[in-house]
Amino acid sequence: MDDIHYLIVSTLVAYIGIHIACWWGNRWKERAKHAYMVIGQHGQSAEEREWGYRNALLAGEQKAEKFYMCSAMEKFMEEKPLTPHPFDDGLGGTIPFVFYDYYLPMKIRNYGTEGQKELSWVVNEFKEGRVDASGYFLTAIAKLGLSGTLTILFMPCSNERNYYIRFRALAKEFSRYKELDPELYSMTYISVRKSKHRSTDRKEISVDSNIVVDANVVGRQNCILIDDVCTTGDSIRTHIAELRNYGVRVVGVVCLGRTVRILTKEQIMKQAEKDSELIF
């Protein structure tokens with residue numbers, strides 16, 4: 001009988017001990033995930049912030065998911081900021097493409113790094129003609145590594161008014177540099193189409209051209225095409241093909257931002273686990 005009592009008491013003690021250990025472990029796990037989140041929010045370097053958000057996510061902090069995605073964006077995107085990448089020109093070739101930083105859609109903007117949020121703000125201000133963003137563009141153009149005088153062409157907008165609001169100040173700033181030849185008056189608008197950046201469904205907007213290329217740029221051979229944001233690149237490819245019809249050769253594309261892909265929870269977690277394994 002004593003053996004049975006001893007077994008019962010031992011089992012009960014073990015059961016209580018396990019629950020205490022689990023409770024204590026969960027308590028420290030809760031503290032850990034909050035501590036990691038604080039490191040992510042206040043880290044002094046990009047590496048520290050990414051490390052904090054990743055570990056907070058792995059510890060169960062769901063709020064860290066998109067913070068980690070944005071802090072580790074280069075691991076999720078094929079293209080890197082301020083790095084030339086081959087761009088399919090839609091004509092059977094490739095040309096160098098450079099963007100300044102990632103552009104975050106509104107639904108994830110608050111999760112971005114300070115640099116990403118600043119760039120996204122600059123893009124919106126540039127679209128409305130409130131900043132010329134020339135410093136950003138000049139830095140990106142330099143990364144193309146092209147030589148000689150470059151003709152600067154600007155992507156068509158939904159209408160003539162928006163085009164000049166967006167690009168007039170930038171073209172004026174570019175004209176100060178002898179290596180750059182901005183051609184603001186490179187097209188004639190013959191119709192108006194819906195604005196893509198104001199639309200909730202870009203696919204519904206007609207891709208038919210609403211411009212005619214002007215004679216002063218016909219035959220230009222060393223041209224860079226400037227746009228605010230590249231999302232799919234389809235509009236850029238369409239305009240490159242239209243320019244080619246007029247003998248215009250585009251040798252590079254420069255954008256302020258590259259729109260990021262919004263990833264699934266599974267994709268984000270898979271990368272976090274992969275990063276953790278690489279450390280250990």
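This short presentation concerns one pocket and one loop residue, D132, in a predicted model.

A word on conventions. Residues are numbered from 1 along each chain as its sequence is written, and side-chain values use heavy atoms, with hydrogens and water left out. Because the model is predicted, local features need pLDDT of at least 70 and side-chain atom pairs count only at pLDDT 80 or more, whereas totals for chains, interfaces and linings use all residues.

I begin with the second largest pocket (an open set of points on a 1 Å grid over the protein atoms alone, where a 1.4 Å probe fits, with protein on both sides within 12 Å along at least five of seven lines). Its volume, the space filled by probe spheres set on the points, is about 370 Å³. Seventeen residues line this pocket, lining meaning an atom within 4 Å of a point. A46, S71, E74, T113 and Q116 lie nearest the centre. Two or more lining residues come from each of α2 (46–58), α3 (65–71), β2 (94–103) and α4 (114–127); helices are DSSP runs of H or I, at least four residues, and strands runs of E, at least two. The largest share, four residues, belongs to α2.

I turn now to D132, in the loop between α4 and α5 (134–144). D132 counts as partly exposed because its relative accessibility is 25%, between the limits of under 20% for buried and over 50% for exposed (1.4 Å probe, protein chains only). Its side chain reaches the backbone nitrogen of S134 at 2.8 Å. Beyond neighbours within four places in sequence, D132 is in contact (heavy atoms within 4.5 Å) with F126, F137, A169, L170 and E173.

Methods. Polar contact = N/O pair within 3.5 Å; in protein donor to acceptor, adjacent residues only side chain to side chain.
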